[in-house]
Amino acid sequence: MTVLAGRDLESWCRDFPVLRELIAYRECCWFNPQRTNAQTGLTATGLTAAEQQLAAERLDRFKPFIARVFPETAADQGLIESPLVAIPSMRQALGQRSAITLPAKLLLKCDNLLPISGSVKARGGIYEVLKHAETLAIKNGLLTTTDNYAILAEEHFRTFFNEYKIAVGSTGNLGLSIGIMGAKFGFQVTVHMSADARRWKKDLLKSHGVEVVEYSSDYGAAVTAGRSQAESDPNCHFIDDENSTDLFFGYSVAGQRLAAQLSAMNIEINGQQPLVVYLPCGVGGGPGGITFGLKQVFGDNVHCFFAEPTHSPCMLAGLCTGLHDTISVRDLGLDNITAADGLAVARPSGFIGRILAPLISGVFTVDDHELYRLLALLADLEHIFMEPSALAGLPGIVKITQNRDKLAPSLQEHFDSAVHVAWGTGGSMVPAEEMAGYYRKGKELLEMREE
């Protein structure tokens with residue numbers, strides 16, 4: 001018999017019926033009863049807008065370096081950002097498939113097109129590497145914040161950084177962002193990767209000179225190994241996806257960036273036209289940081305929902321029970337095996353769950369087969385290709401529309417006029433052969449559903 005915090009699982013299920021849906025691998029929606037107003041929730045985090053602004057300024061300082069070592073960013077002067085696009089054909093298809101009328105405004109945040117590592121993890125992972133490099137260089141008298149950071153690409157800096165190591169545990173995309181950027185500086189980077197991680201991601205890291213250590217178990221074992229490596233070596237910096245505030249603030253800058261993009265599209269977010277955002281969630285760092293950043297900009301006019309695979313709903317389990325990182329999906333009898341490799345996490349970040357619980361509107365789950373179907377539909381209708389995990393947020397507009405009576409009253413009233421944004425988290429670096437396989441599977445599943 002499974003015992004959690006001194007109580008048997010059946011007792012937990014009586015108090016939190018959504019757990020029965022999770023145990024059965026059924027798609028479900030959970031609306032957060034702990035949610036509060038933005039000011040109260042943001043104050044309770046103990047984190048500040050000033051810290052977020054420092055992260056934005058640091059990213060600006062590094063633009064000359066990034067433009068120099070990654071020529072694909074030169075046209076944008078070293079800015080690492082992704083497009084925000086309307087997907088009207090996909091919105092129409094989602095409505096037809098669910099036989100409901102959806103709100104008119106659905107946008108896709110294409111973090112699958114982020115430069116350098118092609119996923120949302122570029123925001124946090126790359127930022128933490130940049131901050132670590134800056135800290136080391138300034139501490140050793142090699143750099144000041146008034147310098148042109150393009151000098152960091154010079155060979156004597158590579159020699160300097162090669163004396164230091166970076167370690168991280170990853171299911172794939174975080175490892176890619178840290179490995180590619182870390183190797184560009186000259187750091188000795190080790191990425192501890194779980195069994196869920198795709199082979200091509202491991203091979204790509206190795207091609208950049210990154211050491212990849214593979215595990216037969218899941219994400220948790222990879223993180224534990226990375227942490228252990230850093231603890232035994234004073235020159236090794238461990239990037240902790242579960243607890244890092246540096247990763248968190250790197251992700252949070254997305255709030256300012258999205259606000260600027262909406263403004264450029266002449267879209268104003270206010271009480272009558274709120275913003276609803278659907279964020280794929282693994283351990284929780286990426287969506288947590290983005291939620292914090294969005295709340296700083298839009299306050300009570302933004303509503304953030306996390307999306308998880310039915311086989312790995314760790315954040316939902318942690319939030320609804322209040323157990324956070326003391327509960328694993330394995331405690332519910334789930335296998336944590338999903339095509340959404342970037343979201344294949346059994347235990348959520350306690351840091352994110354505990355500080356952001358009042359700011360998260362809810363969580364929904366998506367079946368793997370539906371991820372593949374949506375992948376194929378998005379490719380056919382909008383010519384956008386993403387990996388399975390990146391599709392998790394896309395059905396959010398359907399799920400929340402179907403459950404709109406459970407929304408906060410202010411959002412219920414203005415739901416139809418709201419701007420809905422699905423956050424696409426990865427895909428542009430997927431090899432063509434692998435993407436073709438994803439697409440074929442999606443088309444097959446679509447055809448099976450139509451029969």
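This is a short walk through one sheet and a couple of helices in the structure above. Keep in mind that we're looking at a predicted model.

Okay, let's start with the sheet. Seven strands make up an open sheet, and if you go across it the order is 3-12-11-10-13-5-4. The pairing is mixed. As a quick reminder, strands of a sheet pair through backbone hydrogen bonds, and that can be parallel or antiparallel. At the edges you'll find strand 3, residues 29-31, and strand 4, residues 84-86, each of them paired on one side only. From one strand to the next, the twist averages 25 degrees.

Now zoom in on strands 10 and 11. Strand 10 covers residues 275-280, strand 11 covers 302-309, and the two pair in the parallel sense over 6 bridges. If you want a spot to click on, try Tyr278, which stands opposite Phe305 in strand 11.

What lies across these strands? That's helix 14, residues 285-298, which lies across strand 10, strand 11 and strand 13, the last being 419-424. Helix 14 runs at about 170 degrees to strand 11.

Helix 14 also brings us to helix 4, residues 49-61. Helix 4 has 13 residues and reaches 19 Å from first C-alpha to last, close to the expected 18 Å. Which of its residues are buried? Gln52, Ala55, Ala56, Arg58 and Leu59. Those five sit on the same side of helix 4, because they cover an arc of only 160 degrees around the axis. And what do the buried residues of helix 4 pack against? Helix 14 is one partner, along with helix 5 (63-69), helix 7 (121-139), helix 12 (245-252) and helix 13 (254-264).

That's it from me.

How values were computed. Residues numbered from 1 in each chain as written. Predicted model: local features only at pLDDT ≥ 70, side-chain atom pairs only at ≥ 80, totals over all residues. Heavy atoms only, no water. Pairing = 2+ DSSP bridges. Helix = DSSP H or I, 4+ residues; strand = E, 2+ residues; numbered from the N terminus. Axes fitted to C-alpha atoms, helices over the stretch in contact; angles between N-to-C directions. Contact = heavy atoms within 4.5 Å. Expected span 1.5 Å × (residues − 1). Buried < 20%, exposed > 50% of the residue type's maximum accessible area, 1.4 Å probe, protein only. Arc of directions from axis to C-beta.
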